[in-house]
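Let's take a walk through this model, starting with its aromatic rings and ending with its pockets. Keep the 3D view open as you read.

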Amino acid sequence: MPITATTRVLGSSPAAAQLIEAVERRTGIRLSVADEAPAEIELLVDPTSSAPEGYTLEIGDRAVVVGADEAGLFYGIQTLLQLLRQDDSGWALLGADVADSPRFARRGVMLDVARHFFGVDDVKKFIDSTSALKFNHLHLHLSDDQGWRVHIDSWPLLTERAAATSANGDPGGFYTKDDYREIVAYAASRHMIVIPEIDLPGHTHAIGVAYPELVEAPVLNDNLIAESARLGQPLPVAGETYLGWGVGHSSVRIHEERTYDFVRDVVRELAEMTPGPYIHIGGDESLGTPQADFDLFAERATAIVVEAGKIPVAWHEMGSAANIAEGTVGQYWGKTTPEGTHAEEAVHFVERGGALIMSAADVTYLDMKYDEDFPLGLTWAAIIDVRTAYEWEPTAVLDVPDTAILGVEAPLWSETTRTLGEVEQLVFPRAAAQAEVAWSPREAPERIWESFRVRVGSLAPLWKAEGVDFHPADEIPWSAR
Ligand code: TNX
């Protein structure tokens, strides 16, 4: 059906305004609003129409989108926008008859704002581009060795002393509480829940820059020393800003009560400004923390999150603790063929009544290079081309019931990315692969690489119109318009 200046949209929800703006960005055509039916494009919400977050979309002489809820309507509109095409006779919507709803309730992306800081406008743009792929959770990695990125009233030196720099000595920054609330509200307007992460008990060198009494002296393992030398990076020095990106050298003091006062205060202040149900407390790569201390910390820290009324989320290593709080959600970042103790740690979350988010590093990690020569990214987990990112099955990695898998999250670690444009080159198109793994039924006939590569290729004009700096991987037949 043609899209012209006389095309009208009926529907009062915020989704109608979002559709009108997106069409204008793409085509330059400003659709008008209809006061009553019939209109060329009709947007409706009907809870009986499909499963939560689902929608139906019919495009013939008219286009009708019916969401099961506001999120479903938003997703139906995203699909409609993917069907906009320009040819010699102008703009049109391709015909369609779609009934769609998500396989997994949890479809996430993570942005590491600690290794490099990204300001509110960057995060909003990241929300726009990822929510358009129907991602509904945004995990913000808010603290790491290199910096602390959110203001905490009860521990003000965190942002006063430990936020100014990023990895490599690049500029840092932090979110005021109003900034953070603005991000949360913006994400909600795109149906995304923010999950804040404070990484503990390792990845905490920056805390020690602000409050030295909370953090142990750096533990320098052989790998850290060798990698730092190879990369020409400095080693961590207690109380001084850390500019390298080595991991596993820092730990908060497990046997000091003040550490738990700190954790309680931070969790409380974060919980107060986080409407979503989750607080992520990290737990990865605490190589300098003795195992018994680590397990003790995991038990106390997860209990503190529960006391604050939130569901704890932790990287899978925290599953080593026998008495991790019941219901804690584990985030598995091992490989699709698990190594070492990764699988048993992950499974323990399920044994404790929790569930799992799958972030298998050799397929979902958005910071891995596409190929050996790609200028951005790392290689430790794998080289991940688009096909590799696409062809995996989240329920086939661990020996747990399918119902224990909440969904998929694709993390972007930011050691090598300084700008949002660089982030986008790593994220797109591979985030689209994870979006489909998380959304589409396993048995759908289109859930195959030969179909996906053509469909993702058709997103190029949309991404160009939205200013998304995607990587034009040569595995994909990119559409010109
Ligand atoms: C491992 S994955 C980390 C991060 C790094 C990342 C780089 C995980 C839970 N921890 O600290 O940034 O590798 O790919």
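What follows looks at ring contacts and then at the two pockets.

Keep in mind that this is a predicted model. It holds 19 aromatic pairs. Take Tyr260 and Phe297: their ring centres are 5.9 Å apart and their planes meet at 35 degrees, so the pair counts as tilted. This contact ties together distant parts of the chain, with Tyr260 in helix 8 (residues 257–272) and Phe297 in helix 9 (residues 291–307), 37 residues apart. Both Tyr260 and Phe297 are buried. Tyr260 has another partner too: the charged end of Arg300 sits over its ring, 3.8 Å from the centre. You'll find a similar arrangement where the charged end of Arg430 sits over the ring of Tyr370, 3.8 Å from its centre.

Elsewhere, Trp315, Trp333, Tyr365, Trp380 and Trp413 come together as one aromatic cluster. Trp333 and Trp380 turn up again in the largest pocket, where they are among the residues nearest the centre, along with Asn223, Val247 and Glu285. That pocket has a volume of about 1000 Å³, and 40 residues line it. Helix 7 gives the largest share, six residues. By type, the lining splits into 13 nonpolar, 15 polar and twelve charged residues.

Now move to the second largest pocket, with about 760 Å³ of space. Its lining has 29 residues, and Gln82, Asp100, Glu436, Ser440 and Arg455 are the closest to its centre. Here the split is 17 nonpolar, five polar and seven charged. Where does this pocket lie relative to domain 1 (2–100) and domain 2 (106–465)? Both domains give residues to the lining, so the second largest pocket lies between them.

Terms used: Residues are numbered from 1 along each chain as its sequence is written. This is a predicted model: local features need pLDDT of at least 70, side-chain atom pairs count only at pLDDT 80 or more; totals for chains, interfaces and linings use all residues. Side-chain values use heavy atoms; hydrogens and water are left out. Rings of Phe, Tyr and Trp (its six-membered ring) pair if their centres lie within 6.5 Å; planes under 30 degrees apart count as stacked, over 60 as edge-to-face and the rest as tilted. Helices (H or I, at least four residues) and strands (E, at least two) are DSSP runs, numbered from the N terminus. Buried means under 20% relative accessible area, exposed over 50%, partly exposed in between (1.4 Å probe, protein chains only). A charge sits over a ring if NZ of Lys or CZ of Arg is within 6 Å of the ring centre and within 35 degrees of the ring normal. On a 1 Å grid over the protein atoms alone, a cavity is a set of points where a 1.4 Å probe fits but cannot get out, and a pocket is an open set with protein on both sides within 12 Å along at least five of seven lines; lining residues have an atom within 4 Å of a point. Grid points are joined across faces, edges and corners, and a volume is the space filled by probe spheres set on the points. Ala, Val, Leu, Ile, Met, Phe, Trp, Tyr, Cys and Pro count as nonpolar, Asp, Glu, Lys and Arg as charged, and the others, Gly among them, as polar. Domain bounds come from an automatic or database domain assignment.
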